[in-house]
Amino acid sequence: IALLAVVAGTASAADALRPPLLLTARTAAQDLGGTWTYSKDYYRTSLTDINGWVAKSRMQRFRDVDVAAEEKKSGPAFFEFDLDRGPTMTLPGAWNSAVPELRWYDGLIWFQRRFDAKLVPGQRSFLRFEAVNYRASVYLNGKPIAQHEGGFTPFVVEVTDTLRALGNRLVVGVDSKHDAQSIPGEITDWDLYGGITRPVKLIRTPATFIDDATLRLNDAGRLVGSAQLNGPQSANQSVTLRIAALGVTLQARTDANGEARFDTPAPASLKRWSPEAPTLYDVDFEAGADRVRDRIGFRTIAVRGSDLLLNGQPVFLKGISLHEEEIAPNPARRLDEAAARRLLGEVKHGLHGNYVRLSHYPHNETMLRMADELGLLVWSEIPVYWTVDWDNPAVLDKARRMQAETIYRDRNRAALVLWSIGNETPVADNRTRFHAALAQTVRALDDSRLVSAALLVERKGDVIQLADPLLAALDVIAVNTYAGWYGDDTLDRVARLRWDVPADKPLLFSEFGADAQTGFRDATLRRKFSEDYQADYYRATLAMAAQVPTLRGLSPWVLKDFRSPRREHPVFQQGWNRKGLISETGQRKLAFTVLANHYKNLSSPLP
Ligand code: GCB
C-alpha cells in the first residue's frame with residue numbers, strides 16, 4: 001500500500017516513508033565509540049540451528065549472561081562464546097582494516113559494548129546508529145531491539161524500557177554479506193568494509209521531544225520549515241523557531257500529528273549560502289522542555305534550460321568524485337571530522353573546486369556538515385549501482401527507504417543540491433521503471449533539490465549519444481565517460497569526440513578517469529598507468545568537454561586511490577583502484593595540477 005501511495009505522490013505517502021525517529025541535529029549524547037569486543041560467527045550459529053542439534057543458547061552471542069560466573073558454578077551449563085572475554089576492536093571502523101585475520105571476512109560478526117547510563121525518571125533514551133554495513137541485529141541486555149538493512153543510513157531505536165543504570169550489554173550482529181536482493185548487489189568496485197563504520201550514540205530526551213526539524217529558503221524568498229514532535233503531548237503544542245543572528249523568532253502550534261509548520265519572508269539581512277561565502281546560521285527549535293540547534297545555510301537551486309542556477313545565478317560545478325575512505329595507508333572508512341576536513345580541503349583549496357560527488361552511497365553525516373562549512377556543493381547518491389533486482393518490489397521498497405533515510409537526515413544541508421538515484425545501470429524497461437518510481441519518491445519527499453543519475457553512454461563512431469528513456473525523469477543529465485582509458489581510443493581521438501545530447505537540460509560529466517601509479521613517470525612512451533598518461537588523459541578529456549555546449553559541471557573519477565578487490569594488477573594496482581588524483585597516502589599526481597589549473601582558470605559565472 002505504501003508503495004502505491006508513493007507512486008501517486010501524495011503527502012501522506014511521504015509521511016509513510018518518514019523514518020520513525022531521526023534525532024539528527026542532537027549533539028549532546030553519550031558516544032559509544034571506543035573499545036568493543038567481538039566474536040566471529042561465520043555459520044551464523046547465533047541465529048540459526050540445524051535440526052535442533054545445537055543447543056542454541058550455548059552459542060547465542062546476544063544473551064545477557066555472565067559466562068565466566070556461570071562457568072564457576074557446577075552443573076551441566078556450558079557455553080561456546082563469551083563476548084566479555086572476546087578480542088577487542090576500536091569502533092567505529094571497518095573490521096577488514098582492523099585485524100589482518102579479518103581482511104577478507106565477509107559474513108556475520110557480533111560486537112559488544114558494556115556501558116553505564118544515566119536514567120532520569122520521565123525521560124526517554126534512544127540508541128542512534130549512523131551506519132552499520134550491511135545488516136544489523138541489535139540486542140540490548142539480551143532483548144532484540146532492532147533490525148536494519150542498508151550500510152549507509154542511520155537508524156534509531158528507543159531503549160527507555162530496556163536500559164539499566166549499570167552494566168548495559170549492547171550486542172550488535174553485523175552481517176556484511178550482500179546478495180541478489182541487497183543494495184548494492186554482490187559486486188561493486190569498492191572494498192567490503194563490514195562493520196559498525198559510523199558512530200553509535202545514546203541520546204536522552206524529554207518525554208515529548210523534537211524528533212525532526214527543518215528549515216530552508218524557497219524560490220519565493222521565504223523561509224519554510226517544520227518541526228515534528230514525538231511523545232504523549234505532541235498535539236497542539238507551541239514550537240518556537242529562533243535565528244538569533246537574523247533577529248527571527250517564530251511560533252507555531254503543532255497539528256494533530258505533532259507537526260508545526262513555519263513560513264515567513266526571509267529577512268533582508270539574510271546572507272545566502274554559496275561556495276564563495278558559505279554562511280551558516282544557528283537555528284534553534286524549542287518545544288516544551290526540549291530544544292535542538294542546527295547550523296543551516298540558505299540558498300536556492302534550480303534548472304533553467306541547460307543552466308544550473310544557484311541563488312538565481314548560473315553556476316558551473318567544478319568538482320570531483322570521492323568515496324568514503326580516509327587518506328591513510330590502511331583506511332577503515334573512519335571519517336571523523338579531521339579526515340573529512342582533509343579530504344574536502346583537497347577539493348576546496350587544492351583543486352579550487354566548488355563541488356563534490358559523494359559516490360556511490362550516502363556518506364557520513366560529518367562529510368555533509370563539512371561541505372556546508374567549507375562551501376562545496378554536494379551530489380548525494382544511493383547505492384543502486386550497476387544492477388539490483390529490478391523486478392522485485394521488496395528491493396524497490398528498500399531503495400525508497402534508504403532514500404527516505406538519507407533525505408530526512410540531510411535535508412538541512414545547504415551544500416546538498418543533487419539527489420542521484422543510481423549509477424551506471426544498464427538500460428532496460430524494468431530498470432527504467434524502477435528508477436522512475438524512485439525519482440517520484442525523491443520528489444514526493446523533497447521537491448527543493450534536483451534529481452539526477454549517472455548514466456551510461458553509447459558510441460557511434462566519433463559521436464557519443466544518450467539513448468536512455470530515464471532522461472525524462474531527471475532534472476540534470478549526468479554521464480560517466482571513459483574513452484581513452486577503457487577501450488582503444490587514442491587521446492587525439494578523445495579530444496575530437498562529439499556529443500549529441502538533449503539541448504534542454506544541464507549535462508554533467510559525473511565520471512571520467514584513468515589509473516596512474518604514483519611515481520611511475522614515463523615521459524617518453526606515456527603508457528597507461530603512468531602519471532604522464534593520466535595527465536594527458538585529463539588534458540584530452542577536458543578539451544573534449546570544452547566542446548559540449550550544455551556541459552555544466554565535472555566530477556572526474558576520483559580524488560583518491562581507493563581499495564577495490566576488482567583491481568589486482570600486481571605492479572600498478574595491488575588491490576587499489578588507482579584513478580585517484582592523489583595516492584592513498586595523499587601524494588598528488590601530475591593530473592592533480594592539470595585539473596587544479598583548469599578549475600582555477602575556468603571563468604565561472606558565480607553569484
Ligand atoms: C565507473 C564506476 C566506478 C568505478 C569506475 C572505474 O564507471 O561508476 O564505481 O570505480 O568506473 O574505475 O572503472
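In this predicted model, an N or O atom in the side chain of His360 lies 2.6 Å from an oxygen atom of the ligand. Two further residues make polar approaches to the ligand: Lys579, with a side-chain N or O atom 2.6 Å from a ligand oxygen, and Trp557, with a polar side-chain atom 3.0 Å from an oxygen atom of the ligand. On its own the ligand has 320 Å² of accessible area, and the protein covers 97% of that area. The surrounding shell comprises 14 residues, the closest being Asp189, His360, Tyr385, Glu424 and Tyr486. Sorted by class, this shell contains five nonpolar, four polar and five charged residues.

Trp557 also takes part in an unusual backbone feature. The peptide bond that joins Trp557 to Val558 is cis, with omega at about 25°. Val558 itself is placed in the loop between strand S31 (551-554) and strand S32 (562-563). A second cis peptide bond links Ile183 and Pro184, where omega is about 0°. Pro184 belongs to the loop that runs between strand S9 (168-175) and S10. Tyr193 lies in the loop between S9 and S10 as well, and it has a positive phi of about 40° although it is not a glycine.

Strand S10, which follows that loop, has pairing partners from elsewhere in the chain. Strand S10 (residues 200-205) pairs with strand S1 (residues 30-31) in the antiparallel sense, over two bridges. Within this pairing, Asp31 has Lys201 as its bridge partner. Strand S5 (residues 124-129) is likewise antiparallel to S10, and six bridges connect the two. Here Phe126 is matched with Ile203 of S10.

Another part of the chain forms an open sheet of three strands in the order S11-S12-S15, with antiparallel pairing. Strand S11 (209-217) and strand S15 (259-265) stand at the edges with a single partner strand each, so one side of each is left without a neighbour in the sheet. On average, and ignoring direction, neighbouring strands of this sheet are turned by 10° against each other. Seven bridges hold the antiparallel pairing of strand S12 (residues 222-230) with S15, and Leu223 stands opposite Thr264 in S15.

A further open sheet is built from three strands in the order S26-S27-S29, and its pairing is mixed. Strand S26 (458-460) and strand S29 (498-500) are its edge strands, each of which pairs on one side only. The average turn between neighbouring strands of this sheet is 30°, direction ignored. Strand S27 (residues 463-465) runs parallel to S29, and three bridges join them. Ile464 has Trp499 in S29 as its bridge partner. In general, strands of a sheet pair through backbone hydrogen bonds, in either a parallel or an antiparallel sense.

Charged side chains supply another kind of link. Side chains of opposite charge can pair when their charged atoms come close. Across the whole structure, a search finds 62 salt bridges. One of them joins Arg85 and Glu71, whose closest N and O atoms are 2.9 Å apart. Glu71 is part of helix H3 (67-72) and Arg85 lies in the loop between that helix and strand S3 (88-91), so the pair ties together parts that are 14 residues apart in sequence.

Technical notes:
Residues numbered from 1 in each chain as written. Predicted model: local features only at pLDDT ≥ 70, side-chain atom pairs only at ≥ 80, totals over all residues. Heavy atoms only, no water. Pairing = 2+ DSSP bridges. Helix = DSSP H or I, 4+ residues; strand = E, 2+ residues; numbered from the N terminus. Axes fitted to C-alpha atoms, helices over the stretch in contact; angles between N-to-C directions. Near = heavy atom within 4 Å. Polar contact = N/O pair within 3.5 Å; in protein donor to acceptor, adjacent residues only side chain to side chain. Areas by Shrake-Rupley, 256 points an atom, 1.4 Å probe, with all protein chains shown as cover. Nonpolar A, V, L, I, M, F, W, Y, C, P; charged D, E, K, R; others polar. Salt bridge = Lys/Arg side-chain N within 4 Å of Asp/Glu carboxyl O.
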